[in-house]
Amino acid sequence: MKGKLILEDGTIFEGKAFGYLGDSIGEVVFNTSMTGYQEVLTDPSYYGQIVTMTYPLVGNYGINLEDMESNKSHVKGFIVREKSNDPNNFRCEMDLDTYLKQNKVIGLEGIDTRALTKILRNNGTMKGIITLENASLEDVKSKLEAFTNTEAVRTVTRKEIEHIKGEGAKVAVMDFGVKQNILRSFAKRNCDITVFPATTKPEEILGINPDLIFLSNGPGDPEDLEDVIENINELIGKKPIVGICLGHQLLALTLGGKTSKLKFGHRGGNHPVKDLEENKIFITSQNHGYYVSEMPENMEVTHINLNDNTVEGMRHKELPIYSVQYHPEACPGPKDNDYIFDKFLELV
Ligand SMILES: NC(=O)CC[C@H](N)C(=O)O
């Protein structure tokens with residue numbers, strides 16, 4: 001069945017729809033990872049976004065049920081140049097088309113993803129619709145204008161507390177859309193993990209007497225989370241706090257810094273970051289559209305992005321508070337940054 005991507009600026013790409021056949025609106029972003037489409041699909045931070053992969057062949061190793069970053073796909077649409085119809089891998093359990101159908105996500109193939117990415121790179125990310133209908137441009141424009149993503153974290157967070165037993169440090173995880181490999185990384189270090197819904201009150205978190213509070217990754221604009229920022233403020237100075245991506249941005253806002261939107265975001269598996277404390281350069285996995293544009297006065301920059309010099313990590317000058325913007329848990333992407341979890345636990 002024919003399908004179209006219509007961007008906010010009126011650009012139209014025609015291709016073939018696959019997966020779940022139903023119109024969908026989102027912010028159109030691109031990811032440059034060469035593999036790891038399954039981790040991208042299931043990372044809750046993509047909630048509200050239509051993702052286009054720049055790698056030209058997607059789906060060739062199928063989908064397995066082990067490498068999921070959460071229990072379902074969160075993207076609003078998935079755009080590829082060529083979809084593989086014959087996945088082949090010893091772990092393959094289903095093909096991409098079936099997985100997207102099951103998760104009610106529309107796919108679009110046969111798109112010139114290089115041209116699409118260049119538009120997003122030159123003009124910035126913008127909203128778009130994948131549609132099967134011949135809707136008028138007027139109609140599409142008003143639908144796109146009405147689309148917002150302000151409830152993203154509230155949508156993806158767990159509704160119930162979850163406990164993962166361990167003998168080591170007691171970690172309280174604030175779930176803003178936490179990736180499974182973050183929980184696996186703490187579990188691998190024998191931590192006793194309690195995962196709390198995003199809007200849990202500080203008293204309840206402090207009630208378990210955690211050794212470390214972790215602020216997770218998650219979708220949307222950190223500035224939309226005023227109530228969460230108030231809650232984090234209550235935790236400052238009481239326990240060591242660490243964060244990744246959205247968690248890092250929320251820490252910055254809580255401590256008096258500012259966040260802004262990047263023109264086209266950082267999404268991929270090969271972003272170079274310098275760890276200023278280690279004096280080493282690492283290749284990192286990234287997925288963010290916002291960044292810390294003004295540092296809080298009491299924090300120091302620990303990491304910088306070598307492509308555009310943006311802040312990629314920070315540490316408090318006096319308190320045990322430390323966070324990174326990129327994804328040390330990888331998935332998809334290089335695992336070289338796993339050492340950050342040891343640095344987190346050094347604060348206990
Ligand atoms: N992976 C994340 O936590 C993303 C954080 C935030 N939603 C952003 O796009 O910048």
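**A guided tour of the chain**

Begin with the whole chain: residues 24 or more positions apart account for 75% of its contacts with a separation of 6 or more, a contact being two residues whose C-beta atoms, placed from the backbone, lie within 7 Å. The model is predicted: local features need pLDDT of at least 70, side-chain atom pairs count only at pLDDT 80 or more, and totals for chains, interfaces and linings use all residues. Residues are numbered from 1 along each chain as its sequence is written.

Switch to a cartoon view, in which 10 helices and 19 strands appear (DSSP runs numbered from the N terminus, H or I of at least four residues for helices and E of at least two for strands). The radius of gyration is 20 Å, close to the 20 Å that the globule rule gives for 348 residues, so the chain is as compact as a globular protein of that length; the radius is taken over C-alpha atoms, and the rule is 2.2 Å times the number of residues to the power 0.38. Along the principal axes, the C-alpha atoms fill a box of roughly 55 × 45 × 40 Å. Buried residues make up 48% of the 348 residues (buried: 20 or more other C-beta atoms within 10 Å of the residue's own, these atoms being placed from the backbone).

Next, colour the two domains, whose bounds come from an automatic or database domain assignment: domain 1 covers 2–149 and domain 2 covers 153–346. Their C-alpha centres lie 27 Å apart. Across the boundary, 25 residues of domain 1 are in contact with 23 residues of domain 2. On the domain 1 side, select strand 3 (24–31), helix 1 (37–42) and helix 3 (113–123), each of which supplies at least two residues. Strand 3 gives the largest share of that side, three residues. By class, the side of domain 1 that touches domain 2 has nine nonpolar, 12 polar and four charged residues (Ala, Val, Leu, Ile, Met, Phe, Trp, Tyr, Cys and Pro count as nonpolar, Asp, Glu, Lys and Arg as charged, and the others, Gly among them, as polar).

Now select the ligand. Its surroundings are Ser45, Asn217, Gly218, Pro219, Gly220, Cys245, Leu246, Asn287, His288, Gly289 and Tyr290, where a residue is near a molecule if its C-beta atom, placed from the backbone, lies within 6 Å of it. Strand 16 (residues 280–294) gives the most to this shell, with four residues. The shell divides into four nonpolar, seven polar and no charged residues.

Technical notes
A residue is buried if 20 or more other C-beta atoms lie within 10 Å of its own, exposed if 12 or fewer, and partly exposed in between; C-beta atoms are placed from the backbone.
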